[in-house]
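Work through the exercises below with the structure open. Each task is followed by a stepwise solution.

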Amino acid sequence: MLKGIAASQGIAVAKVYKLEQPVLDIRTFAADPADEIAKVGAAFEKTIADIEKIKEVASRSLKEEELAIFDAHLMMANDPEFRGQIEEEIKAVKENAESVAQRVANNMVAMFESMDNDYFRERAADVKDVAFRLMCNLTGKEIPNLATLDKPVIVVAKDLTPSDTGSLNKEFAKGFATEIGGRTSHSAIMARSLEIPAVVGVKGILEEAKDGDMVILDAINGEVILNPSDEQIAEYEKKAAEFQAEKEALKALKDQPSVSTDGHKVELVGNIGSPADVEAVLANGGEGVGLFRSEFLYMKSEDDFPDEETQFEAYKTVLESMGDHKVVIRTLDIGGDKKLKYYQFDEEMNPFLGVRAIRFCLIRKDVFRTQLRALLRASAYGHLGIMFPMIATVAEFRAAKAVYDEERAKLIAEGVKVGDDVEVGIMIEIPAAAVLADRLGREVDFFSIGTNDLIQYSMAADRMSEPVSYLYQPLNPSILRLIKMAIDGAHKSGKWCGMCGEMAGDELAAPVLLGLGLDEFSMSATSILRARKMINSLSYAEMKEMAEKALDMDTIEEVTELVKASIAK
Ligand code: PEP
Ligand code: MG
C-alpha cells in the first residue's frame with residue numbers, strides 16, 4: 001500500500017492508466033532562420049488550436065471560472081512577446097527552433113519561479129504547460145489526451161497539468177493518483193471541483209504501477225493499493241457504494257434547518273475567497289457566508305490595490321447571490337504570510353506578530369477607506385456584516401469603527417444609498433481579545449472566532465511550521481476556555497458569536513462548540529452537510545453538560561475521549 005494526501009474525497013477501483021508525457025530530446029544545431037521561424041509560426045498555430053480543443057472538451061464538465069485557466073494558456077500562446085522573443089533569438093543565433101524555444105521558455109519559467117509571490121510561482125506551471133505543448137508540436141511528438149479514454153481507469157501520473165485535468169472525461173476517469181502535489185495544488189483543486197477522487201503526493205507510484213494493473217484508490221484515507229486481492233476489491237467496492245450513498249443522503253439535508261434534537265438552532269454558513277465560491281455554499285445548503293476573505297481580491301490584483309468600483313462589484317455580486325442570507329465580509333487581512341505583488345512590506349523579524357490585518361489598515365487609512373466605501377455601497381444589496389481582523393484592543397476597534405462611521409456619513413451626505421442593517425463586528429483571533437471579550441462585546445455587533453490564528457497565538461506555535469504543528473490543539477481545554485470567554489462575552493451584551501477558523505468545520509469540535517453556545521459555524525462549503533447531520537443528531541442540553549466537563553480537563557486527549565463517548569451514545 002502506498003500513502004499520499006487525500007485531495008478529493010471518494011473511493012474508486014479500476015485499472016491503472018499511466019499518463020506519461022513524451023520525452024523530449026532536444027539538440028542544438030545551426031539552421032536557416034527563415035525556415036525555423038516558419039516552423040515556429042506553424043507550431044504556435046497548432047498549440048493554440050490544441051488548447052482551444054481542450055477548452056471545448058473541458059467546458060462540458062468545468063465551470064466558467066475554472067475554464068479561465070485555459071484562457072490564461074491561450075493568452076500565453078497568443079502572446080506576441082513570447083513568440084517575438086523566440087523569433088528574435090532565432091535570427092540572432094541562427095539555431096533550430098525547438099532549441100531556441102526551449103531556452104526562451106526556460107528563462108521565462110525561471111523568472112516566474114524566482115518571484116517572491118505564490119501567484120507568480122503558480123504562473124510558472126502555466127508557462128511550462130504551454131511551452132511543453134509548443135515543443136511537442138515543434139518536434140512532432142504526440143501528447144496523450146485524456147479526453148479520448150473509452151474505459152474506466154484510474155489515471156496515474158507524476159502530476160497532472162491543468163490541461164490534463166481539464167480534458168479528463170469523468171465517465172471513464174474514475175480518479176487519479178499523482179506522485180507529487182499537495183492539497184492546494186492545481187490538480188487537487190480541479191479534482192474537488194470535478195468531484196472525482198484523488199490522492200496526490202504518492203511517492204513511488206510511477207515506479208510501482210504498471211499500465212493495466214488493478215488499483216484501489218482510497219481518497220478518504222489517502223491510500224493507494226496496487227494489485228489488490230479479490231477480497232480487497234469486494235471490500236472497497238462496498239465502501240465506495242456506501243460513500244456514494246452517504247453523499248446522496250446528505251443532500252436530503254440541504255434545505256433543512258440546523259437544529260439540535262431539543263430545538264436549539266444554530267447557523268451553518270460558508271467560508272469563501274471569491275464571488276465564484278458562493279455557488280458551492282448554496283449547493284451545499286449554506287445559510288449564509290460567515291467569512292469572505294477579501295484579501296484574495298487584493299492578492300489577485302496585478303499592479304495596485306483594487307479600486308472601489310472593482311471591490312464594489314465583487315461584494316455586490318456576493319450579496320445579491322446570497323439573497324436574504326447574511327454575508328460577513330472581512331476587511332483586508334494582509335501581511336504575515338499573505339503578500340501583495342504591488343506593495344513591499346517593511347522587513348520584520350516576525351511578520352505574524354507585525355503589521356498585519358487591521359494594524360496595516362489603520363496605518364494605510366487610504367486603502368482602508370476605499371474598501372469601506374465599496375462595502376458600504378454594496379450593503380444596499382443584501383444583509384451585510386463587516387468584520388475587522390486581528391483586533392487586539394478596544395482602542396483598535398474604536399479607531400477602525402470611527403473610520404467606518406466617517407465613510408458612512410460621507411456616503412449618506414453624498415446621497416449614496418447604504419444598507420440600514422449593516423452589522424460591524426470583529427474577529428477574535430488574539431488571546432487578548434478573547435480575555436477582554438465582555439468589554440469588546442459592548443461595542444461590537446458580533447464576534448467571529450478565528451481559531452487558526454487564536455490557536456497559533458495562544459500556543460505560540462507558528463501555523464506554518466511543521467515541527468510545532470502538534471500544538472494545533474483545538475480541543476485543548478485552554479483553547480476551549482478562550483472560546484467560552486468569547487461566546488459568553490458576546491452573549492452578555494446580547495450579541496451573537498460565530499466561528500470561521502477551521503475548527504468550526506471539525507466534526508469532533510462541533511459537539512463542544514454547540515455546548516458552549518456558539519451561534520454560527522462557518523466552514524468550507526463541502527463540510528456543511530456533514531456538520532448539519534452531526535448538529536441535528538445532538539442534544540443541546542447534553543452537549544452543554546459535556547462542554548462544562550471538557551473545560552475542567554487537563555489534556556486534549558481527555559477531551560477527545562469525552563467527545564467521542566458523548567456522540568457515540
Ligand atoms: C483564522 O485565523 O482562524 C481565520 C479564519 O483567518 P485566516 O485563516 O484567514 O487567518
Ligand atoms: Mg486569521
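Helices (H or I, at least four residues) and strands (E, at least two) are DSSP runs, numbered from the N terminus. This is a predicted model, in which local features need pLDDT of at least 70, side-chain atom pairs count only at pLDDT 80 or more, and totals for chains, interfaces and linings use all residues. Residues are numbered from 1 along each chain as its sequence is written, chains are lettered from A and ligands numbered from 1 in the order in which they are written, and side-chain values use heavy atoms, with hydrogens and water left out.

**Exercise 1. Backbone angles**

Task: Locate N227 and state the sign of its phi.

Solution:
- Step 1. N227 sits in the loop between β8 (223-226) and α9.
- Step 2. Its phi is near 45°, a positive value in a residue other than glycine.

Task: Do likewise for A357, and decide whether A357 is buried or exposed.

Solution:
- Step 1. A357 belongs to helix α13 (residues 357-363).
- Step 2. Phi of A357 is near 50°, again positive in a residue other than glycine.
- Step 3. Apply the cut-offs: buried means under 20% relative accessible area, exposed over 50%, partly exposed in between (1.4 Å probe, protein chains only).
- Step 4. A357 has a relative accessible area of 0%, so A357 is buried.

**Exercise 2. The whole chain**

Task: Describe the fold content, extent and compactness of the protein chain.

Solution:
- Step 1. Count the elements: 23 helices and 17 strands.
- Step 2. The radius of gyration is 26 Å, close to the 25 Å that the globule rule gives for 569 residues, so the protein chain is as compact as a globular protein of that length. The radius is taken over C-alpha atoms, and the rule is 2.2 Å times the number of residues to the power 0.38.
- Step 3. The C-alpha trace spans about 80 × 65 × 45 Å along its principal axes.
- Step 4. Of the 569 residues, 53% count as buried.
- Step 5. Split the chain into domain 1 (2-19 + 148-249), domain 2 (33-139) and domain 3 (262-529). These bounds come from an automatic or database domain assignment.
- Step 6. The C-alpha centres of domain 1 and domain 3 are 35 Å apart.

**Exercise 3. The metal site**

Task: Which residues coordinate the magnesium ion (ligand 2)?

Solution:
- Step 1. Set the criterion: donors are N, O and S atoms within 2.8 Å of the metal (3.2 Å for Na, K and Ca). Water is not among the atoms, so sites may look incomplete.
- Step 2. E429 (OE) and D453 (OD) coordinate the ion, at 2.0 to 2.2 Å.
- Step 3. The pair links distant parts of the chain, 24 residues apart: E429 is in the loop between β14 (423-428) and α16 (431-435), and D453 is in helix α18 (residues 451-459).
- Step 4. Both E429 and D453 are buried.

**Exercise 4. Sequence versus space**

Task: How many residues separate K247 and L529 in sequence, and how far apart are they in space?

Solution:
- Step 1. K247 lies in helix α9 (residues 230-251).
- Step 2. K247 and L529 are 282 residues apart in sequence and 9.1 Å apart in space, C-alpha to C-alpha.
- Step 3. With a relative accessible area of 24%, K247 is partly exposed.

Task: Repeat this for F82 and E302.

Solution:
- Step 1. F82 is part of helix α3 (residues 80-93).
- Step 2. The sequence separation of F82 and E302 is 220 residues, and their C-alpha atoms are 19 Å apart.
- Step 3. F82 has a relative accessible area of 1%, so F82 is buried.
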